Amino acid sequence: MNNEPQSMSVSNILHQLTSPWLNFILAPLGYCLIGLLLAVRQQQFHFTHFSVLFLFFVIIYLQENSFRKFANHPELKRWIFIAITDILLLSLLVYFYQNVALRIVLLLLLIVILNHGHLFELKTNDMFYIYHSFLNSISKYYLGNFITLFILSGAVSKEIGIQMTLQLFQYILFGLYVSHVKSRLVEIREGKRHYGPVVAICTVLFSLSWLIGTIIYFVWYLGSFSILGTILFSLSLLIPILYQIYYRKEFSVNRQFTYLHWYLIVMSFLYGFFFII
């Protein structure tokens with residue numbers, strides 16, 4: 001009798017934490033949380049700049065989420081939505097052009113352009129899918145965090161830029177894992193699962209990319225990482241493991257999206273809070 005209320009409470013907590021509406025906060029945070037934490041650690045924070053940048057990433061995620069549906073359902077009236085969201089994004093780029101720097105505007109524009117690749121039906125048995133996954137992961141999970149740090153701190157030195165590039169390399173691998181799982185979930189939901197050599201290669205490489213990223217991290221940074229950070233980073237391995245053996249069998253596709261975005265938030269916090277720069 002005592003175990004039942006406890007299990008019910010855990011189930012209720014998971015239900016609340018995986019609300020699909022949280023994706024519109026968690027996904028954009030995954031693009032910029034590392035840069036935000038690094039900037040705060042350097043005692044640099046510009047509230048207005050960050051608010052505008054976060055709104056930019058919210059629209060980027062809204063586009064990505066909608067573009068996936070448009071790609072699978074061409075009959076939807078998509079051009080009005082594309083025009084409105086692109087006008088909003090361009091308006092935000094004007095803000096950064098006037099208040100930050102042209103090179104930041106060009107990097108943000110690159111993210112917008114690559115995001116439009118979701119307008120096409122990206123089949124996981126197509127080689128273009130591999131290029132698209134890599135480029136989008138780099139643009140959002142690397143460029144997004146780098147831009148955030150630059151905008152909030154005002155500048156990024158060459159030394160910090162090089163070290164941050166090495167550190168974000170592993171984070172990109174975590175982003176690849178999440179992106180691939182989301183693509184497979186969309187195929188399952190739409191009843192369009194694909195098979196073949198490319199799918200098999202992508203499934204093995206992308207599904208294990210979180211493990212590859214963790215191994216690379218331990219090889220490169222174990223000596224300079226704190227004991228607490230090492231313990232928490234090791235425990236984070238349980239998140240994708242629990243997803244594979246339990247969570248993906250029990251919850252809807254949209255709630256699985258939220259779970260995966262929480263995973264990136266956890267990894268962002270570990271990178272941004274414990275890494276020494």
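Three exercises on a predicted model follow, each with a worked solution. Residues are numbered from 1 along each chain as its sequence is written. In this predicted model, local features need pLDDT of at least 70, side-chain atom pairs count only at pLDDT 80 or more, and totals for chains, interfaces and linings use all residues, while side-chain values use heavy atoms, without hydrogens and water.

**Exercise 1.** State how many helices and strands the chain has, and what share of its residues is buried.

*Solution.*
- Count the DSSP runs (helices: H or I, at least four residues; strands: E, at least two; numbered from the N terminus). The chain has 12 helices and zero strands.
- Apply the burial cut-off (under 20% relative accessible area, 1.4 Å probe, protein chains only). Of the 277 residues, 51% are buried.

**Exercise 2.** Compare the span of helix α2 with its expected span, then locate its kink.

*Solution.*
- Take the expected span (1.5 Å times one less than the number of residues). For the 19 residues of α2 (residues 23-41) this gives 27 Å.
- Check the ends. The end C-alpha atoms of α2 are 26 Å apart, which agrees.
- Find the bend (the angle between axes fitted to the seven residues ending at a residue and the seven starting there). α2 has a kink of about 55°, centred on C32.
- Look at the surroundings. 15 of the 19 residues of α2 are buried, so the rest of the structure largely encloses this helix.
- Step past the helix. Q43 follows α2 and has a positive phi, near 60°.

**Exercise 3.** Classify Y246 as buried, partly exposed or exposed, and place it in a helix.

*Solution.*
- Y246 is in helix α11.
- Its relative accessibility is 42%. Y246 is therefore partly exposed, the class between buried and exposed (over 50%).
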